[in-house]
Amino acid sequence: MSHAAATSSTPADQWVPSHCSMCYHGCPILAHVKDGVLVKIEGNPTAPATRGRLCPKGNAGAMRLYDPKRLKVPMRRTNPEKGLDIDPGWEEISWDKALNILEAKLRAVRDKDPNLLAMGGFNTHSWHWGNAFGLSFGTSNTCKNLFSAMGHMCGNGAHTAGEMIHNSMNTHPDLEYAEFTMIVGAALGECYQSAVAYGRILGDAKGREKFKLVVVDPQQSRAAAMAEEWVPIRPATDGAMLLAMMHVLLHEANIYDAHYLRVHTNAGYLIGADGYPLRHAQSGKPLVWDLATNQAREYDDPAIDPDQLALLGRFQTTVGEGQPGFQLLHDHLRQYTPEWAEPITSVSAETIRRLANELGQAAHIGETIEIDGKTYPYRPASVSGYRGLSTHTNALHTSWAMELINVLIGSTRAVGGARAWIGTMMPTSPATTLPGPDGLIFTPFQPHAFSFPPKMSSIPEYFPVAFDAGLLCYETQAHPEQYGNTPIEMLINEGGNPVLTGMNTQSTIEGLKAIPYMVDITLYVDETALFADLVLPDVTYLERWAWEGMWSVEDEGIQIQQPVVQPLYGIPHSADIYIELANRLGTMTGPLGFSSFLNMMQMTGGATEAVSQATVNDITHSYRSAKEYVETYVRAVAPQDEALVWKQGHNLKSKPAFKRYVPDCFGGHRIPLYSNWLKQVGDDLRRNMEAHDVFAKVPGLDPERVFFEYAPLPFWHPSVIENELPEFDLYAINWRTAIGGVGAGTVPATNAWLLEAAERDPYFARILINSSTARKKNLDDGQRVCVESPHGRIEGLLKYTETIHPEVLGTIGCWGHITDAAVAKGRGPGNFNSLLGRGLKYMGPSTLQAECAARVKIYPA
Ligand SMILES: Nc1nc2c(c(=O)[nH]1)N[C@H]1C(S)=C(S)[C@@H](COP(=O)(O)OP(=O)(O)OC[C@H]3O[C@@H](n4cnc5c(=O)[nH]c(N)nc54)[C@H](O)[C@@H]3O)O[C@H]1N2
Ligand SMILES: Nc1nc2c(c(=O)[nH]1)N[C@H]1C(S)=C(S)[C@@H](COP(=O)(O)OP(=O)(O)OC[C@H]3O[C@@H](n4cnc5c(=O)[nH]c(N)nc54)[C@H](O)[C@@H]3O)O[C@H]1N2
Ligand code: SF4
Ligand SMILES: [Mo]
């Protein structure tokens, strides 16, 4: 067995290093290729977190590569009428002809207004190319997962909250050292981080004597099944539980890490009556109250003994009266008692109280631990979660409450506590923190700049802290008169199938029909491709060049993707399509050229400035291939490891302790316990919108909602689904599993091996309901039923279970395939997302997070 990169002189038997893209975790792989044919994929044993293992989807990659249902040639539509049940009248055309059509369309759009082009979709593999192409074309309609379900249906709430608190797209438990880990709505060990790495790490943790896992989830996920305690909760109410837990910590148990709050957060900054920090008259620096001398001082005054900094109280200074942010949080949490949360969440006050105490006690406040010869705070307790917590209209405040609990007990980035994931810019080293204003960390996640009229289809100008807003594009495209945007005239969509993955199918379809010309670069003619005017086949991850910054919480470094076999059917890499088009359009070089923007993408991928200036920041350069771009990247980012990266596909190393943990990980900067940042964003937005009289001109915006969430501290507000009529007496949710995942996992639907394996599970693609609820409704196990929301309906077979909250039913998401490309065509209960509401009302007021739970009724079909 020889491990080597694929070369043009291909040995008869080789193992090619690359990484998996069956989901976004990117586990390193070795592909066994015999005589040019991929015969097996294995995990790459040199990878520190995954250690030579793969999940079922990773193992099934060969089925994607050799899937006979793949799109093989370009096709153009001959029937101008568009609809799910309308035959596009596909006509196969040559690549030459396809490129000529594309060039002509792009020229026509650009002559009119480059902003009429939108670059959409974008899975993890393609974001550099499409975005760089869009930017060099001159459109603003790129870079925000436009027209796609990513972000918006994914973790918008968690991303904004995580970025705000510790420059990380989310929080993960430090299972290596944890004693008490509470997971709120995440498929730990399956999807929430790589199933491969986290399956092992969770297994190790479970083997330790002192480890308690608590899973809060309306259904008994596999993580919950492994947990010491499963807490079934009513969907979309987690925020109430989390706020009540903070109430218990501060108002009952008196547990908080005062030292951490004083040194690593802005908890002691004095906040004035206007909600903003009191500032030193000369220096403008925020003031704190020094109890040792009983006077206000600049926060960074070296004369202050940090432990003498006031966290509670009210103080008179020469610039006004102020209270520490911590005092404001303390007062604010008084209202959120466990008794208040019980009827909202259905979790008993006693349970909430007990869990808060267990969390607080397991935090070992004050203790330290030595790792690699250095002493760190030891706080082996945390709360974390992902989509279950974040995919509701109250996502931001719920995710924020989750982040703040960890801050209160000093566990954010402490040993055993809450770890960072990647930061916004996906640097090679996850979630590096940089200095920002007022002694706080800086996050590259900055509010979107205001402009009126809006430049982007997803109107982030009105929603500056929304991570992305892809699906709103469908509403704005179909109803520009409501939103004040200019509809686009051409969309290039690459990857993604929003007809199935986006909220409210009808809204997506209306938006797609309103796009005059759509190009879809895709593996299959899926449900979204049915609306395209031109479909272009793409290569799979086993046939392409790509690089990744690291998506794992565990490691740092880079990895590459390279063709393990020559692309089938002569399909070019989409990058090569963009390169060809940029050359034809004359947009390849120059400061705003395609190459420059590609180089910029390398910078966001971790190319250090010194190296980049020398090697990649050449504005006269023309990239000739995806391969060359990947080579340049490797050279720029990992100059010392170049040979290693080519040999083993990566240079990943376990992230050293000093980069993971406080104090060093914050580089001496603080995290915000009190977010005058968010308040400021809201105040600026209001000023801008009033100055432009936006609400008078844009009827689709509701001023009550637009500004609603911009507060300095998280508060409770119920999800929009609580307003549905009482006849919709149940909640409907769906979830991922390691094999039958949804987003990034219409995967088993188009993979015969995975579908066969998934369907052996008698619960797969059934409508799961608590048997006691079903009996009350006289519905039998196995019966065919309809599930109806105010927005749509699905129909499938009922399955009794004891492992779901009695008010909740659950089924597979993103199903309902109707094209021949999917082996799952015609199977399962239809498309869950047709149950979801549409438009701004069903999105988080500031995050645009789509509400992914619905209120439904159920009856015999
Ligand atoms: N195997 C696999 N791995 C994947 C993917 C995949 O498709 N397959 N997709 C990748 C992607 S794109 C993402 S975003 C991540 C997502 O990773 P996760 O967020 O972990 O995935 P989900 O299963 O969508 O949601 C997690 C849990 O939330 C629960 N839940 C639903 N509603 C609520 C609620 O209101 N409250 C609470 N507390 N829980 C709730 C569900 O029952 C489920 O157990 O996974 C990534 N990894
Ligand atoms: N009901 C429900 N809806 C959801 C979710 C959920 O849990 N439940 N999850 C949400 C989340 S977290 C996310 S991230 C989104 C994901 O939403 P999408 O991005 O739309 O979904 P995926 O399943 O990742 O992508 C599916 C499409 O990508 C194509 N594809 C795969 N590989 C390639 C490739 O190499 N090149 C090209 N060009 N195309 C490729 C496949 O052919 C398929 O058509 O879904 C969201 N929607
Ligand atoms: S978790 Fe599975 S599907 Fe995802 S990258 Fe790793 S091996 Fe591939
Ligand atoms: Mo996602």
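**Exercise 1. Which radius of gyration would a compact globule of 861 residues have, and what value does the chain have?**

Solution. The model is predicted. A compact globule with 861 residues would have a radius of gyration near 29 Å. The chain has 26 Å, which agrees with that expectation. Along the principal axes, the C-alpha atoms fill a box of roughly 80 × 70 × 65 Å.

**Exercise 2. Describe burial, contacts and surface in the chain.**

Solution. Begin with burial, for which the cut-off is under 20% relative accessible area. Buried residues make up 64% of the 861 residues. Next, consider the contacts with a separation of 6 or more: 72% of them join residues 24 or more positions apart. Finally, the accessible surface comes to about 28800 Å², and carbon and sulfur atoms account for 52% of that area.

**Exercise 3. Set out the secondary structure and the domains.**

Solution. The chain contains 29 helices and 34 strands. The domain assignment gives domain 1 as 3–54, domain 2 as 156–264 + 315–424, and domain 3 as 721–860. Between the C-alpha centres of domain 1 and domain 3 the distance is 35 Å.

**Exercise 4. Characterise the surroundings of ligand 3.**

Solution. First, identify the residues: Cys 20, Met 22, Cys 23, Gly 26, Cys 27, Leu 54, Cys 55, Lys 57, Gly 58, Ala 195 and Val 196 surround ligand 3. Second, sort this shell by residue class, which yields 8 nonpolar, 2 polar and 1 charged. Third, relate the shell to the helices: α1 (56–59) and α6 (195–207) each supply at least two of its residues.

Definitions and conventions
Residues numbered from 1 in each chain as written. Chains lettered and ligands numbered in written order. Predicted model: local features only at pLDDT ≥ 70, side-chain atom pairs only at ≥ 80, totals over all residues. Heavy atoms only, no water. Helix = DSSP H or I, 4+ residues; strand = E, 2+ residues; numbered from the N terminus. Nonpolar A, V, L, I, M, F, W, Y, C, P; charged D, E, K, R; others polar. Rg over C-alpha atoms; globule rule 2.2 N^0.38 Å. Buried < 20%, exposed > 50% of the residue type's maximum accessible area, 1.4 Å probe, protein only. Contact = heavy atoms within 4.5 Å. Areas by Shrake-Rupley, 256 points an atom, 1.4 Å probe, with all protein chains shown as cover. Domains from an automatic or database assignment.
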